[in-house]
Amino acid sequence: MLHTPRSLRGMVTSPHHLASQAGLDILKEGGSAIEAVVATAAALAVVYPHMTSIGGDAFWLICWPDGRVETIDACGAAAGKADLTLYKNAGHQTVPWRGGLAANTVAGTVSGWGTALGLAERASGEKQTRLPLTRLLSDAIWYAEHGVPVTEGGAAVAAAKSAELRDISGYSVVFEPEGRPLQTNDILKNPALAQTLRRIAGEGPDSFYTGSLADDIAEDLRRAGSPLSLADLASHKASIKPPLSVQIKGATLYNMAPPTQGVASLLILALFDQLKAERPESFDHIHGLVEATKQAFRYRDTHVGDPSFMSVEAQDCLNDKAALASMVAAIDPEKAAPWPYPSQDGDTVWMGAIDSNGVAVSMIQSTYFEFGSGVVLPQTGIVWQNRGASFRLAEDGWNALKPGRKPFHTLNPAAARFADGRTMVYGTMGGEGQPQTQAALFSRYARYGIGLQEAITAPRWLLGRTWGDKSVTLKYEDRFDPAVIAQLGAAGHAIECVAPFTSLMGHAGALVRHADGVLEGATDPRSDGVVAAW
């Protein structure tokens with residue numbers, strides 16, 4: 001049995017130990033879970049820059065003690081100048097993955113911080129101390145200015161992507177200051193980012209989009225060849241939305257509405273809830289979730305994108321018992337359905353926090369690919385995302401590039417409320433693997449009663465690709481029962497063995513608050529994370 005950390009007063013989990021500690025310190029000073037997540041997110045943007053940045057997007061899911069669940073969409077839209085003509089005149093048939101033309105959408109992360117802090121202020125009244133933004137960002141500022149040791153995982157990504165990124169605007173100044181990729185235990189510093197965080201702390205999150213900071217950001221983006229303008233930044237706003245939800249036996253599940261793939265995550269678990277699978281890690285368990293994934297992904301890839309361009313409502317599918325029954329009926333309990341099907345990449349961080357008042361936060365923040373577009377803005381030290389590289393250069397249809405359109409997102413923070421009073425927040429990075437990892441850890445914990453940490457540490461699988469890998473096989477970590485793997489192969493799954501504890505399977509985390517106030521937390525041994533608790 002693997003130990004699951006427990007406490008009563010507060011808990012934070014994230015994929016980097018320093019970021020988790022930054023969030024916990026906020027809780028210890030009387031801050032809320034929302035404030036703790038802002039501190040954690042800011043620290044991650046400094047210490048985990050291959051996975052996240054303030055130049056990316058974010059999505060929040062907040063479970064309030066009174067039963068309400070709210071989400072924040074902090075996703076930026078395509079630039080006003082990002083149209084088909086721009087890319088065709090530059091000789092591109094697809095949006096480039098790297099460089100200025102990949103940096104074609106507004107970064108929404110900082111707007112999400114501001115919106116979340118506004119919700120916290122309105123909700124708390126006199127219940128909790130309101131900490132200034134200067135305090136929430138202080139650890140991130142220190143790490144950016146004075147440095148942080150590079151982790152083994154961060155060094156591996158930097159080495160693997162060096163040839164691809166070293167010549168992109170601003171990248172080498174920060175990440176290859178000595179003419180080579182930073183190695184394990186080298187000290188990563190980003191003093192320009194420290195100063196940017198100071199400016200945000202002093203002027204507020206809106207300064208990222210208007211004012212002198214926004215002027216500097218827009219100027220650097222223009223020099224890097226990005227189509228983004230000051231007007232694009234100024235027009236951006238994060239929005240508060242109701243979550244998607246679906247009921248299963250003993251719980252109500254919550255996730256993020258489009259443009260994320262949250263509906264796919266909910267569909268997988270809703271379909272699996274109706275399948276027979278008596279034992280964890282059995283053929284029925286894994287096969288059932290994989291086949292439910294195929295059904296969910298077909299729905300997602302047919303319908304989900306910017307909600308302004310969708311012809312259906314994602315919640316309607318989750319409410320449609322006949323549609324769900326039809327998907328369940330399409331699952332053969334003994335044979336694998338044909339695959340592949342289009343899939344999505346993405347690199348991300350998930351983090352969660354629960355405070356002593358019972359506020360539970362599930363948040364995910366991303367730059368899409370490792371180091372995003374690779375563009376590092378010299379005046380501000382910001383790594384800018386390449387989320388808009390997912391747009392199709394087409395006149396119409398799914399995720400077609402249009403000025404002002406939001407790109408499809410793999411990001412989807414998850415939560416559950418159980419009939420017995422438990423509240424759970426959970427999530428992972430990993431692009432196409434996010435819904436699958438969510439399904440693996442949730443089914444292990446909720447359906448089969450496996451401990452929270454063991455549910456995350458246990459071997460995982462991945463249908464399709466992530467991290468830029470073009471393979472669409474059913475990958476599995478080399479720790480499963482060989483008899484079950486043989487059954488999967490015999491059923492027609494195109495199986496592929498990968499190394500144990502590989503980051504291909506994402507960096508998952510989860511927190512649970514029981515009805516009596518006991519908190520449980522888990523982090524992923526595939527990451528550099530830790531559960532921080534008191």
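**Figure 1. A seven-stranded sheet with open edges.** Two strands count as paired when DSSP finds at least two bridges between them; strands (E, at least two residues) and helices (H or I, at least four) are DSSP runs numbered from the N terminus. What you see is a predicted model, in which local features need pLDDT of at least 70, side-chain atom pairs count only at pLDDT 80 or more, and totals for chains, interfaces and linings use all residues. Residues are numbered from 1 along each chain as its sequence is written, and side-chain values use heavy atoms, leaving out hydrogens and water. To follow this open sheet of seven strands, step through β1-β18-β17-β13-β12-β9-β8, where the pairing is antiparallel. Because β1 (6-7) and β8 (244-248) each have a single partner strand, these edge strands both have one side without a neighbour in the sheet.

**Figure 2. A closer look at the β8 edge.** Here β8 meets strand β9 (residues 251-255), and five bridges hold the antiparallel pair in register with the DSSP criterion. If you would like one pair to start from, find S245: its bridge partner in β9 is Y254.

**Figure 3. Two helices laid across the seven-stranded sheet.** Helix α12 (residues 262-272) lies across β8, β9 and β13 (423-428). The direction of α12 makes about 5° with that of β8; axes are lines fitted to C-alpha atoms, for helices over the stretch in contact, and angles between N-to-C directions run from 0 to 180 degrees. Helix α16 (residues 434-447) also lies across β8, β9 and β13, together with β12 (414-418), β17 (508-513) and β18 (519-523). Relative to β13, α16 runs at about 145°.

**Figure 4. A three-stranded sheet and its helix.** This open sheet has the strand order β14-β15-β16, and its pairing is mixed. At the edges are β14 (461-463) and β16 (495-498), each paired on one side only. From one strand to the next, the twist averages 20°. Strand β15 (residues 474-477) pairs with β16 in the parallel sense, over four bridges. One place to look is L474, whose bridge partner in β16 is I495. Helix α13 (residues 283-303) packs on this sheet and touches β14 and β15; α13 makes an angle of about 30° with β14.

**Figure 5. The largest nonpolar core.** A nonpolar core is a set of buried Ala, Val, Leu, Ile, Met, Phe, Trp, Tyr and Cys residues joined through side-chain atoms within 4.5 Å. Buried means under 20% relative accessible area, exposed means over 50%, and partly exposed falls in between (1.4 Å probe, protein chains only). In soluble globular proteins, nonpolar side chains tend to be buried together. The largest core has 101 residues, and those that touch the most other members are I54, W60, W113, L137, F208 and W384. Helix α2 (residues 33-47) is the biggest giver, supplying 13 residues to this core. A second, separate core has 63 residues, including I286, L324, A416 and W461.

**Figure 6. The surroundings of F208.** Contact means heavy atoms within 4.5 Å, and neighbours within four places in sequence are set aside in the contacts shown here. On that basis, F208 is in contact with I54, A107, V110, I200, L213, A214, I217, L233, I382 and W384.

**Figure 7. A buried lysine in a loop.** Look for K406 in the loop between β11 (360-368) and β12. Is K406 buried or exposed? With a relative accessible area of 16%, K406 is buried. Once neighbours within four places in sequence are left aside, the contacts of K406 are D73, C75, G76, A77, P259, D306, F391 and N399. The C-alpha atoms of K406 and F309 are 9.5 Å apart, although 97 residues separate the two along the chain.

**Figure 8. Backbone details in three loops.** Most residues other than glycine have a negative phi, and most peptide bonds are trans. A cis peptide bond joins P258 and P259, with omega at about 20°; P259 sits in the loop between β9 and α12. E281, in the loop between α12 and α13, is not a glycine but has a positive phi, near 65°. E281 counts as partly exposed, at 22% relative accessibility. N399 is not a glycine either, and its phi is positive at about 55°. N399 belongs to the loop between β11 and β12, where N399 is buried with a relative accessible area of 1%.
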